[in-house]
Amino acid sequence: EKTPVTLLGLGAMGTALARAWLAAGHPLTVWNRTPARAAALAAEGATVADSVAEAVAANSLVVVCLLDDASVAEVLDGTDLAGRDLVNLTTGTPEQARARAGWADGLGARYLDGGIMAVPPMIGVPQSGGYVLYSGSQDVFERHRETLGVPAGTTYVGANAGFAALYDVALLSAMYGMFAGAAHAFALIRTEDIDPAGFAPLLAGWLTAMAPSVHQTADQLRSGDYTRNVVSDLAMQVAGTPTFLETARQQGVSPELLTPYFELMRRRLTEGSGKEDLTGVVDLLLR
Ligand code: NDP
């Protein structure tokens, strides 16, 4: 007997979640502000509720996947959530998640927050690598582990309801740093007659080779010793930065994506940390 699920929100992500639960045989009750989006799912076996109240009353597991925290507030305002297990997969800030957890608690609901590390085509596809970060009620997480694991993998990161959002934003922030570096790299090769499609495999390979360096950073942050297992120390790396800036200048490429990071490296060096790794930049950001 599969756990019945109520799902509020049938956007691109909500619809993908709905299809995954339906395909796995979970009874599903859905609601969406624009009812037309529920029609196709009804044909696939979902029960379409006429109101939020009706949808929430249908099942004890209530999953919400709306645009943002403001839409969650709007949709659930005035709804009786007593005794419900509320799982909020709407992207928000850690502060919003913690406030939402307190709000749900006040209404007698148990709260689990989620941060989706996947795009809709990865949902319901085992081995896609997509997963959802969860934080908040460990009870809710354990009780619904199997059901929550149907659309994507699950990773519980702590009782603090804000942690899923914090991990989510941290991971995506690192991704944007990578995108920024890739943009600069492509700009450099675009100044010459170089095929970007020939360059891309080299770039992907290099980024992949460099990615495990985060383990060394973690090890250094834990030990507090930023000179541990250093391969290229800060003094050497700062000494190399003029080559990057001069190459950008020669090729006529703006260095604006590189300079903020180089500036932090240089600042750390002037504090006498030349024998360290780049890890000290983390501390500069914390001041
Ligand atoms: P969509 O824009 O496709 O859908 C938004 C959903 O929110 C729709 O169901 C929409 O209803 C509803 N909505 C918006 N405002 C309101 C409101 N004021 N009252 C009621 N309902 C409202 O977004 P996604 O489905 O793609 O994303 C949903 C959540 O999932 C977001 O928080 C997003 O950050 C997160 N997410 C999405 C990913 C993606 O790649 N798509 C990846 C990871 C996370 P209506 O149909 O009536 O407009």
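This report walks through the overall build, the sheet and the ligand shell of a predicted model.

Residues are numbered from 1 along each chain as its sequence is written. In this predicted model, local features need pLDDT of at least 70 and side-chain atom pairs count only at pLDDT 80 or more, while totals for chains, interfaces and linings use all residues.

**Overall build**

The protein chain has 13 helices and 8 strands; these are DSSP runs numbered from the N terminus, with helices being H or I of at least four residues and strands being E of at least two. Its C-alpha atoms fill a box of roughly 65 × 45 × 30 Å along the principal axes. Of the 287 residues, 33% count as buried, meaning 20 or more other C-beta atoms (placed from the backbone) lie within 10 Å of a residue's own.

The domain assignment, which is automatic or from a database, splits the chain into domain 1 (5-159) and domain 2 (167-285). Their C-alpha centres sit 38 Å apart. An unreviewed UniProt entry annotates residues 5-153 as "domain: 6-phosphogluconate dehydrogenase NADP-binding", though such annotations may be inferred rather than shown by experiment. That stretch is 39% helix and 22% strand.

**The sheet**

All told, 8 strands form an open sheet with mixed pairing, in the order 3-2-1-4-5-6-7-8. Strand 3 (47-48) and strand 8 (153-156) are at the edges with a single partner strand each, so one side of each has no neighbour in the sheet. Two strands pair here if DSSP finds at least two bridges between them. Here are two of the pairings:

| Strands | Sense | Bridges | One residue pair |
|---|---|---|---|
| Strand 1 (5-8) and strand 2 (28-31) | parallel | 4 bridges | Thr-6 and Thr-29 |
| Strand 4 (61-64) and strand 5 (85-88) | parallel | 4 bridges | Val-63 and Val-87 |

Strand 1 is covered on both faces: Val-5 and Leu-7 are buried on one side, and Thr-6 and Leu-8 are buried on the other. In a regular strand, side chains alternate between the two faces of the sheet.

**Around the ligand**

So who lines the ligand? The shell holds 22 residues, and the closest are Gly-11, Met-13, Arg-33, Thr-34 and Thr-91; a residue is in if its C-beta atom, placed from the backbone, lies within 6 Å of the ligand. Helix 1 (12-23) and helix 4 (69-76) each chip in at least two residues. By class, the shell has 10 nonpolar, 8 polar and 4 charged residues, with Ala, Val, Leu, Ile, Met, Phe, Trp, Tyr, Cys and Pro taken as nonpolar, Asp, Glu, Lys and Arg as charged, and the others, Gly among them, as polar.

Notes
Buried ≥ 20, exposed ≤ 12 C-beta atoms within 10 Å, placed from the backbone.
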